[in-house]
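Hi,

Here is the structure I promised to pass on. Have a look at it first, and then read my notes below.

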Amino acid sequence: EDEIPEDHPRYQDLLTRHRIERGVEKGITHLQGMHAEGRGSAFDYLLGEETIPSADEAERAAAAHLLLADRPVLSINGNVAALVPGEMVDLADATGADLEINLFNRTPERIEAIASHLRDHGAEAVKGLEADARIPRLDHQRAKVDADGIYAADVVVVPLEDGDRAEALAEMGKTEIVIDLNPLSRSPRVAEVPIVDNIIRAVPNMTEHAQDLADASEGELEEIVEAFEREAALEAAEKRIRNGL
Ligand code: ATP
Ligand code: MG
């Protein structure tokens, strides 16, 4: 990372790619994660590589949801762990959420590599190692969750999530917050709060909002949640991307 000049016009994009490459080298990120990163990068380019106003609103609504939740959980996959490990720990601290590792390509080695990577970045408790419950109507590995984690959660943040799993979680009645740069992807489309933004910008901004709202009353938080319009947020992102073309 030290080799990437900060004044490079595409600094953030280079940094992101570099972190994914390091993640693959360290056994944290699956090779498929590099392809996901490439798709995300293309959408970010069209968005102007910035947090658009509708995404900022979504990030604020997401923070309010997390603060109101009884059992909030942040789901961590290989790309999330490579890109924003410390930032996810900060968000968990600011909102009282748990961190749970959840992988599409689950192996004991990757789970352990991610858990220790998160601990290196300040995480105290990491869930997802037991995987003693299953999400209904999902096949094999993708269904595995902790009974006292995602399975029992009322609000879940699922960044860069695949569509089937996002749908199955929504069917379980969870309030789902999805971070995904592609507003046409199924995951943001089933989310109660779709955040169309780069996870690198989205997570620190959610933490800032959560810190701003730390003293807000339940009524104020509920107002923020109610005022958020998911359809409008998706449309605003799509419009921005079309203009980008
Ligand atoms: P599918 O139709 O199966 O969902 P997909 O192209 O959406 O296919 P996935 O592997 O499911 O691929 O999801 C990767 C998603 O993550 C993509 O929508 C991509 O835009 C998004 N993404 C990748 N990198 C980032 C990032 N840094 N921040 C936010 N979203 C990202
Ligand atoms: Mg997708």
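**What I found**

Asp120 lies in helix H6. This is a predicted model, by the way, so please read everything here in that light. Asp120 counts as exposed, because its relative accessibility is 65% and the cut-off for exposed is over 50%. If you go from Asp120 to Asp139, you move 19 residues along the chain, and the two C-alpha atoms are separated by 32 Å.

**After helix H6**

Helix H6 covers 108-120, and the loop between this helix and strand E3 (133-134) is the place of Ala131. Ala131 has a phi near 50°, which is a positive value in a residue other than glycine. Why is that worth a look? Most residues other than glycine have a negative phi. Ala131 is also buried: its relative accessible area is 9%, and buried means under 20%.

Arg137 has a positive phi too, near 65°, and again the residue is not a glycine. You'll find Arg137 in the loop between E3 and strand E4 (144-145). Is Arg137 buried or exposed? With a relative accessible area of 67%, Arg137 is exposed. So if you are checking backbone angles by eye, Ala131 is the buried case and Arg137 is the exposed one.

Further along the chain, strand E5 (residues 155-159) contains Val156. The relative accessible area of Val156 is 0%, so this residue is buried. Gly128 is 28 residues away from Val156 along the chain, and their C-alpha atoms are separated by 14 Å.

**The ligand**

Now to the part you may want to open on screen. Ligand 1 sits in the largest pocket, with 15 residues around the ligand. Which of them come nearest? They are Ala36, Arg39, Asp180, Asn198 and Ile199. By type, the shell around ligand 1 splits into five nonpolar, five polar and five charged residues. Helix H2 (residues 32-47) gives the most to this shell, with four residues.

Some polar distances to look at:

- Arg39: a polar side-chain atom is 2.6 Å from an oxygen atom of ligand 1.
- Asp180: a polar side-chain atom is 2.7 Å from an oxygen atom of ligand 1.
- Asn198: a polar side-chain atom is 2.9 Å from a nitrogen atom of ligand 1.

How much of ligand 1 does the protein bury? Taken alone, ligand 1 exposes 620 Å², and the protein buries 78% of that.

Asn198 has a protein partner as well: its side chain and that of Asp44 are joined by a polar contact of 3.0 Å. Asp44 is in helix H2, the helix that gives the most residues to the ligand shell. At 4% relative accessibility, Asp44 falls under the 20% cut-off and therefore counts as buried. So Asn198 has a side-chain atom 2.9 Å from a nitrogen of ligand 1, and its side chain also makes the contact with buried Asp44.

**One more loop**

Last, take a look at Glu192, which is placed in the loop between helix H8 (186-190) and strand E7 (193-195). Its relative accessible area is 41%, so Glu192 counts as partly exposed, in between the 20% and 50% cut-offs. Glu192 and Arg230 are 38 residues apart in sequence, and in space they are 6.6 Å apart, C-alpha to C-alpha.

Cheers

Methods
Residues numbered from 1 in each chain as written. Chains lettered and ligands numbered in written order. Predicted model: local features only at pLDDT ≥ 70, side-chain atom pairs only at ≥ 80, totals over all residues. Heavy atoms only, no water. Near = heavy atom within 4 Å. Polar contact = N/O pair within 3.5 Å; in protein donor to acceptor, adjacent residues only side chain to side chain. Areas by Shrake-Rupley, 256 points an atom, 1.4 Å probe, with all protein chains shown as cover. 1 Å grid on protein atoms, 1.4 Å probe; cavity = no way out; pocket = protein on both sides within 12 Å on 5 of 7 lines; lining within 4 Å. Sits in = over half its atoms within 2 Å of the grid points. Helix = DSSP H or I, 4+ residues; strand = E, 2+ residues; numbered from the N terminus. Nonpolar A, V, L, I, M, F, W, Y, C, P; charged D, E, K, R; others polar. Buried < 20%, exposed > 50% of the residue type's maximum accessible area, 1.4 Å probe, protein only.
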